[in-house]
Every structure is written in C-alpha cells, then in structure tokens.
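Open the model in your viewer and keep the selection tool ready. Each stop below tells you what to pick and what to look for.

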Amino acid sequence: MNCCKNLILLLAVFTLFSCKNNKVTLEHLLDEMIDKAANTHFPENYYTLKQFSSYDRKSLSPDSAGWFANADYTQFIRTEDTEDRREFVLFDAEGPGALVRWWMTFAGEGASEGIVRIYIDGNPQALVEKNILEVLSGTFLCGAPLASSVSPETEYQRRGHNLYLPIPYSKSCKITYECDAVKFENNRWKPSIYYNINYRTYSPDVVVESFSMEDLKRLQEKIEACNTRLLKQETSKEEVVEKSRDLGPNDPLSITFKERNKALSKIRVKINAPDIHQALRSTVLSISFDNHKTVWVPVGDFFGTGYEIQPSETWYTKVNENGWMESTWIMPFKKSAEISLINYDQQTTEAELEVYTDQYKWQSSSMYFGASWKEYNRILTATDPELNNHLWHFDVNYVDLKGSGIYVGDALTIFNTVDAWWGEGDEKIYVDGEKFPSSIGTGTEDYYGYAWCRPEKFSHPFIAQPTGAGNFHPGMTVNMRYRSLDAIPFRTEISSNIELWHWVKTKMNYAQSAFWYTKPGFSSNVKEDPEAVKMPVARKRSDIYPPVPPLVDENGKIEGENLEIISCESGTASTQSGSFGWSNESQLWWRNGNTGDELVAKFILEKEGKYDVSAMLTKAVDYGIIQIRLNGNVIGQKFNGYTPTGVIPQKVKMGKHHLQKGDNTISFSISGSDKNAKPGNMAGIDYLVFETGQ
C-alpha cells in the first residue's frame, strides 16, 4: 500500500514539472531548487541564463588583443550619482526574470564595507539596503547554505561569498553598490571588487511575481527547510541492485534495467586496487539509456574526488573516507538503461556497484542525463614560450553540444607542477550561436565559488574543493560546480570553455568533466578515450617533469632546480617558477627551514679540476642567512638573503676549489635571519657555475 502511495506522489511531482506553469514565484523557485527531477525536463517556462560580472572590459572578441585581459575587478556597468551618494551599478536587467546565483569577493581597505541596494521593477526605493556581506553570506536574507562563504577554513575576507536565494522580478532588477573606499587611481578603480551574478530571463508570456520582504518573512519556514534539505541527501529506494567482482584488464561490471517509467536515482561505487590512484582514473563509469551512450567518465572524476579519495558532499555527489562514492543525479529512461564499470588498467581492480531506481513518467519534455570527460595531458600552459606580457594564454573546451538541453555543471581535476597559481582563467560559455559569451567571468576559482586561489578544502551543495593541494604548489586540485536554478538551457547548441591562464610557462595535467541533460538526438564533440584514462596519473612533479641527472653542462652551469636533493632536515624543498629574473624562470626553493638545519644536494662533474665557483642566489623579504659548503667544506661568506622589497637574484663568487670527477655535494645551512626579515627562513638557488681554473 505504501509503495502505491509513493508511486502516486512521485508521478504527481513529475507531472507538475512537465506541465506548463505560467507563474514563477519565490516559493516556486525554492521548490524547483530542491527537486532533482526538475532539470530532467526541458523548461516549459523557457528562460535564458546569463551573467553580469566585473570581467575586464578589454575582452571584446577572441581575435582582439585584450581577450585574455585579467583586470577583472571593480568594473561596473556605470556610475549613478545623486545628491547624497554615489552608486556603482553591478546589474541591470529587464524582466520577467530572477537572480539565481550571486558571487563576490573583495580585497583592499574598505572594499567589503559598502552598502548593496536591490531595486525591483523600477521602484526608486531599494527593496534591499544593507552591508554587502550581510546580504551575500550573512543571515540578513536567509542563512547558510543559501547564503554562505567558502572555505570556512579560510580567513573571512579572503573567501568567496555566495548567495543562492532566488530573487524573482516581474519587470526589472537593478543592483548597485555604494562604497566610499572606491577611488579612480592610475586609470583604474580601486580597491578590488569582483562579482559574478547569474540571472534568468523568462519568455514574455511567463508571469513572475516579484520578490518582496513580506514574502521573505512569510516563507521563512520554507527557506529554513530548503537550507536543511540542501544539506541532507535523501533519495527514495524503491529498488536497488548490487554487484561486485574483480575486474581484469578491459573487464566490465554491468547492471541492466529493462523497464518503463523508471529513473536511476542513486549510483554508489567503491573500488580497490594495489594502485588505487591509477584505478580511480582508469576505471570508467559508462551509462547508456535506451541504447544511447551518454556517460563516459573516470569514476574519480565523475564523483568529484579526482584520483585520490578526498571526502566531500554536495547536492549531487558524496565521497566518504571509506572510499564509497555516490551520485544522486536523476537519470530517466524510456525503456532501458545499462550502467557499467570498465577497467582499462593492467592491474586487477575490485569493484562494487549499487544502483537505485525510482518511478519516473517519461514525457515529451524529458531528457537523458549526460557526462563527458577529457584530459589535456602534459599540456603546455603557454601557446608560445617566447611570448611575453601574458599574451600566451588560450581557451580550453569542456564540451560542445548540438541539440537542445540544459547544462548542469562541470568539474576540474588538475595537477600543477610549479609554485604558482594556475587558474586565472575566466569561463566563456556560448549559447545558441552567440558571438560573445553570455557567461564570462573573473577567474577559475570565482567560477567555482571560492576566491584568491585559496587551497583550503570545502563542501557546499553546489560547489566544492575536496582538495586544493595544487593551487600554490605542485599537486592535485579538484574543483566542482553543479547547477540547479543556474542551469543553462540551450535550444540548438552550447559551447562551454574556460581560459587556461597560468602565471608560469610550464606543463600540467588539466582534466575537465561536464554534465548536462539533453533531448534524444544530441551530439557531443567529446568522445570516449580509453587511451587517455590509461595514462599514468601524476602524484608528484617528477611524474610530468622526469628528473634529469644533476650534470653540470658544457658551459659549467647547472640549474638549481636540477640539483638532486640528498637530504633536507626541515621545511620543504621544491622547484619554484616565476618571472623574477631567474634562469629558466625557475629556482630551487627551500622554505620554512629551521635555523641550524641543512639541505644537501648532489651535482656531477665530468672532469676533475680546479674551478672558479659562483652561484646565483635569491634575496627577498622572508629569506634567511645561509652558509654554503662544497663537499662538506665551508666556502665563501655567509649570504644574507634579506631585501626589503621585491625578489632579486644576486650573483655570489665563492672562490677557487678543487673538485672531483663524478659526484660532488653542495649544502646550504640556515645560520639565522636578518633582524628585519619576515618569518620564512627561505633560501633560493637559481643556478651554480663551475668555470675551469688555471
């Protein structure tokens, strides 16, 4: 009897979203947000999804010099002056429409202390007038997670502030920011204010009931319930099928359904292998609906953990520390569905697969779920290493889809190889043949909801960073963004792209996943690529930049980053890259070492002899005083690495020394620090030179 009641209820819900409802209200939008079945239907109340942002206005077209311009802050639509105040206009749109996602971050004194005003339907009196942070990530409107900031481990002022509470409007909406700290200096507005605001514009025949503070108060219980619901995964389990077994090379583990009025409601996967990291990349989730394959993604990327088990929980995905990965996307089908795990690795992988189904009434508006994956393996971050002034950046493509559907999210799994930020790039999403993207942003971390390249982990219903280890240093980073009300409908095509805008000319791995719903008959430019998932995953920098013998070259020079580290008693030694005047734009960087401790490295000489020895060493505000030894013997004077400003390479002569053929050692010990130096006890070795003496 209960099963019958549940079936009737579910069918009623699905029927509700398949029937045209010509009125949009705050209550309606809150219901839509927490109904995972809503995006399985092409919207009957059709809308476009666009974005206002502070992107650099020099970005005019792909063939313009400013296409990758990066001054994406404090750029507004216009300034409006009244007798008593100055307001910067961030957003100005005609209705009927709704704000559905609003992100901001700030830097500089007073940048976040201004007043935001929201004007609805041309009313000269602002409906909302409050401090910006109280609106975006405080409790003035709704509280978390609809209003929240990430990461909670990050200093508050360096977080991304996200508002997901929908704000519908019938005729128009304008958002302004009053901030007395903003000044026009050196041909730029400062301090730094970044924003991305996504909004829907409905077809003219759709009636939208405008947001009001009275409605906000009346719906407080519903808003609180929505917040609670978003933080708690709930799915009905009308049926579950489980399978598990060991998978040899090219082995599949499959579950097939041949039923009508069904949808996959949850998929759970757990795998184990001697090399679990490679298994998470080389084991692929493949799904076909009604004999049309729409999903082909490595399991780690599909569930949002990359190729390490990194716990997180969003509205659509969850990974726990025991290795179970699950998704709760609703995936409907007409007659059949086949879900497979395929092992493309040479190792044997243990696989467990659980698939849950619910009742679903397939209708003319229903769509298939799809997901794609590609990796730019060992991609050069510069189109031309000789180009300067950051003219060498380029756009990379998540996916191009032909047909009609809704774009519901994407994710990145990257491996960075240097001590520099990789994600200055802005998203650029074109819908239905647009010449200029209707979504163009201000940076990769902004697109994914956080800010300032911060590496701290976070989970939120619609955004997550399970690991940010690769944000400032060599390592893996995973970023996810899933869309509910900010999903992007397209009638004929969509092209989702993002700039690969790295601060350093290097090589990295850059894997992209994309998620969507489409009507039958769609096509995608991303094809399944078994050879790509077989590629060894990068766990350390040397997996992409294989170590070279620490051999002094024919000119008597060896780069600091090519020295072979024998021991490092404290702190961290790694390659640092950047445009600071270093040879090869890199140095060996020792940071956070303890006073008295030593770093020992090896180099190889082809001939025994007497050599004039010199070194190019680095000075900066947080560098220490170091003593250098050759083969255990002190050479030269102590080097004070402190300088009050900048990063400065300085050549130091260390006299003549007899050195043996083959292996030799050079060591750097920290003797202390200048009284004016900041904490860090750092040392930097750009290169060493050994010139034949007489």
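**Stop 1: helix 2**

Helix 2 is mostly covered, with six of its eight residues buried. This is a predicted model. Select residues 26-33 to show the helix. Which residues of helix 2 are buried? They are L26, H28, L29, L30, E32 and M33.

**Stop 2: helix 2 against helix 5**

Keep helix 2 on screen and add helix 5, residues 220-230. The two helices pack at an angle of about 15°, and their axes are 10 Å apart. Angles under 35 degrees count as roughly parallel, so helix 2 is roughly parallel to helix 5. The crossing of the two helices is left-handed.

Now show side chains at the contact. From helix 2, pick E27, L30, D31 and M33. Across from them in helix 5 are K222, I223, C226 and L230. Colour these residues by type: five are nonpolar, three are charged and none is polar. L30 and M33 appear in this contact, and both are among the buried residues of helix 2.

**Stop 3: S151**

Go to the loop between strand 8 (147-150) and strand 9 (160-163), and select S151. Is S151 buried or exposed? S151 is buried, because its relative accessible area is 2%, and the cut-off for buried is under 20%.

Next, show what surrounds this serine. Leaving aside neighbours within four places in sequence, S151 touches R159, E456, K457 and F458. Zoom in on K457: its backbone oxygen lies 2.7 Å from a polar atom of the S151 side chain.

**Stop 4: K428**

Move to strand 30, residues 427-431, and select K428. This lysine counts as buried, at 0% relative accessibility. What does the side chain of K428 join in a polar contact of 2.7 Å? The partner is the side chain of E499.

Widen the selection around K428. Beyond neighbours within four places in sequence, its contacts include W67, F68, D395 and P437. S439 and I440 are also among them. So is the run S495, S496, N497, I498 and E499.

**Stop 5: G300**

Finish in helix 7, residues 299-302, and select G300. G300 is buried, with a relative accessible area of 0%. Setting aside neighbours within four places in sequence, G300 is in contact with L280, T305 and G306.

For a last distance check, add K217, 83 residues from G300 along the chain. The C-alpha atoms of G300 and K217 are separated by 42 Å.

Technical notes
Residues are numbered from 1 along each chain as its sequence is written. This is a predicted model: local features need pLDDT of at least 70, side-chain atom pairs count only at pLDDT 80 or more; totals for chains, interfaces and linings use all residues. Side-chain values use heavy atoms; hydrogens and water are left out. Axes are lines fitted to C-alpha atoms, for helices over the stretch in contact, and angles run from 0 to 180 degrees between N-to-C directions. Helices (H or I, at least four residues) and strands (E, at least two) are DSSP runs, numbered from the N terminus. Angles under 35 degrees count as roughly parallel, over 145 as roughly antiparallel, 65 to 115 as roughly perpendicular and the rest as oblique. A crossing is left-handed if the near helix is turned anticlockwise from the far one by less than a right angle, and right-handed if clockwise. Contact means heavy atoms within 4.5 Å. Ala, Val, Leu, Ile, Met, Phe, Trp, Tyr, Cys and Pro count as nonpolar, Asp, Glu, Lys and Arg as charged, and the others, Gly among them, as polar. Buried means under 20% relative accessible area, exposed over 50%, partly exposed in between (1.4 Å probe, protein chains only). A polar contact is a pair of N or O atoms within 3.5 Å; within protein, one must be able to donate a hydrogen and the other to accept it, and residues adjacent in sequence count only if both atoms are side-chain atoms.
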